[in-house]
Amino acid sequence: MRIAIIEDNTALAKGIAYRLRDRGHSVDLLHDGLEADAFLAQDSPDLVVLDINLPGMGGLDVLRAMRRRGDGTPVILLTARSETQQRVEGLDAGADDYLTKPFELDELEARLRALSRRKNLVYASREMLGRLVFDRTSRQVLDGNTALNIPRREIATLECLVESRGRIVSKSQLTAHVYGTGADVDDTAIEPHVSRLRRRVEGYGVRIRTARGLGYMLEVEGQ
């Protein structure tokens, strides 16, 4: 999944990001409410972890702006124990869940998984790609009942290409999806992931086409 962490405590935010990236997710890390609002108006993460107390623009205002735009992305609010009224306001404003600080990362992960399962009910968790099946929930590519041995960053690359199937995806879009917005990574870092992924899926009716100077496009035989 692509998860946006919006938290002004940089140590906490980096700790969450480190754990989630280690689990194979891409993470967008933001520390300011105005910056977060601008980001969410342009990008579409799968889940948002949102602190209530942010500089620039409060977390509840960020949440309200999301819902006014019709953005239904699941949101977990991070609150202090003394912020009962704000938790109520957050849930009324459209938050899906909340956690009070301090919290265990295991609990945050469990809540994210629960929200992900809920979101996956909206669209099919499995997608046919030629003779392969891409399972979004388990993050696996299956040949029949056998999972191909594909590293997590190549899975994230495939995930982004699948979501934009039939359209060109720029290197910068792929890099942001795989490494997270703001990551100190050059766009050329995505090239070896695409190259290796292309070799793994060729022969199954799946092709990753290079649009020179523009990006990449996923094409599937018969679709």
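Before I begin, one definition: when I call a residue buried, I mean that its relative accessible area is under 20%, and when I call a residue exposed, I mean that this area is over 50%. The model that you have in front of you is a predicted one, and I will go through it helix by helix.

Let me start with helix H1, residues 10–22, where Ala-13, Ile-16, Ala-17 and Leu-20 are buried. Those four cover an arc of only 100 degrees around the axis, which puts them on the same side of H1, while Ala-11, Lys-14 and Tyr-18, on the other side of the helix, are exposed. As for its length, the 13 residues of H1 should span 18 Å at 1.5 Å a residue, and the end C-alpha atoms are indeed 18 Å apart.

A comparable question can be put to helix H4, residues 84–93: which of its residues are buried? They are Arg-87, Gly-90 and Ala-93, and because their arc around the axis is only 125 degrees, they lie on the same side of H4. The face turned away from that buried side carries the exposed residues Gln-85 and Asp-92, whereas the buried residues pack against helix H3 (59–68), strand E4 (75–80) and strand E5 (97–101). Just after H4 comes Gly-94, which takes a positive phi of about 120 degrees.

Staying with H3 and H4, their axes come within 9 Å and cross at roughly 10 degrees, and since angles under 35 degrees count as roughly parallel, the two helices are therefore roughly parallel to each other. In this pairing, Leu-60, Leu-63, Arg-64 and Arg-67 of H3 meet Gln-86, Glu-89, Gly-90 and Ala-93 of H4.

Now I would like to move along the chain to helix H6, residues 152–163, which has twelve residues and reaches 16 Å from its first C-alpha to its last, close to the 16 Å that is expected. Nine of these twelve residues are buried, so H6 is largely enclosed by the rest of the structure; among the buried ones are Glu-154, Thr-157, Leu-158, Cys-160 and Leu-161.

In soluble globular proteins, nonpolar side chains tend to be buried together. Here, the largest nonpolar core has 24 residues, and those with the most contacts inside it are Leu-129, Leu-158, Leu-161, Leu-174 and Leu-218. Which element gives this core its largest share? That is H6, with six residues. A second, separate core of 20 residues includes Ile-6, Leu-54, Met-66 and Ala-93, the last of which we met among the buried residues of H4.

To look at the larger core through two of its members, take Leu-158 to begin with: leaving aside neighbours within four places in sequence, Leu-158 is in contact with Leu-129, Phe-134, Val-141, Leu-197 and Leu-218. The other member is Leu-174, found in helix H7, which counts as buried because its relative accessibility is 0%. Among the residues that Leu-174 touches, not counting those up to four places away in sequence, are Thr-157, Cys-160, Leu-161, Ile-190 and Val-194. The C-alpha atoms of Leu-174 and Cys-160 are separated by 6.6 Å, although the two residues are 14 apart along the chain.

Finally, how do H7 and H8 lie relative to each other, roughly parallel or roughly perpendicular? Their axes come within 10 Å and cross at roughly 90 degrees, and they are therefore roughly perpendicular. Leu-174 takes part in this meeting as well, together with Lys-171, Thr-175, Val-178 and Tyr-179 of H7, opposite Ile-190, Glu-191, His-193 and Val-194 of H8.

Terms used: Residues are numbered from 1 along each chain as its sequence is written. This is a predicted model: local features need pLDDT of at least 70, side-chain atom pairs count only at pLDDT 80 or more; totals for chains, interfaces and linings use all residues. Side-chain values use heavy atoms; hydrogens and water are left out. The expected span of a helix is 1.5 Å times one less than its number of residues. Buried means under 20% relative accessible area, exposed over 50%, partly exposed in between (1.4 Å probe, protein chains only). A nonpolar core is a set of buried Ala, Val, Leu, Ile, Met, Phe, Trp, Tyr and Cys residues joined through side-chain atoms within 4.5 Å. Contact means heavy atoms within 4.5 Å. The arc is that of the directions from the helix axis to the C-beta atoms. Axes are lines fitted to C-alpha atoms, for helices over the stretch in contact, and angles run from 0 to 180 degrees between N-to-C directions. Angles under 35 degrees count as roughly parallel, over 145 as roughly antiparallel, 65 to 115 as roughly perpendicular and the rest as oblique.
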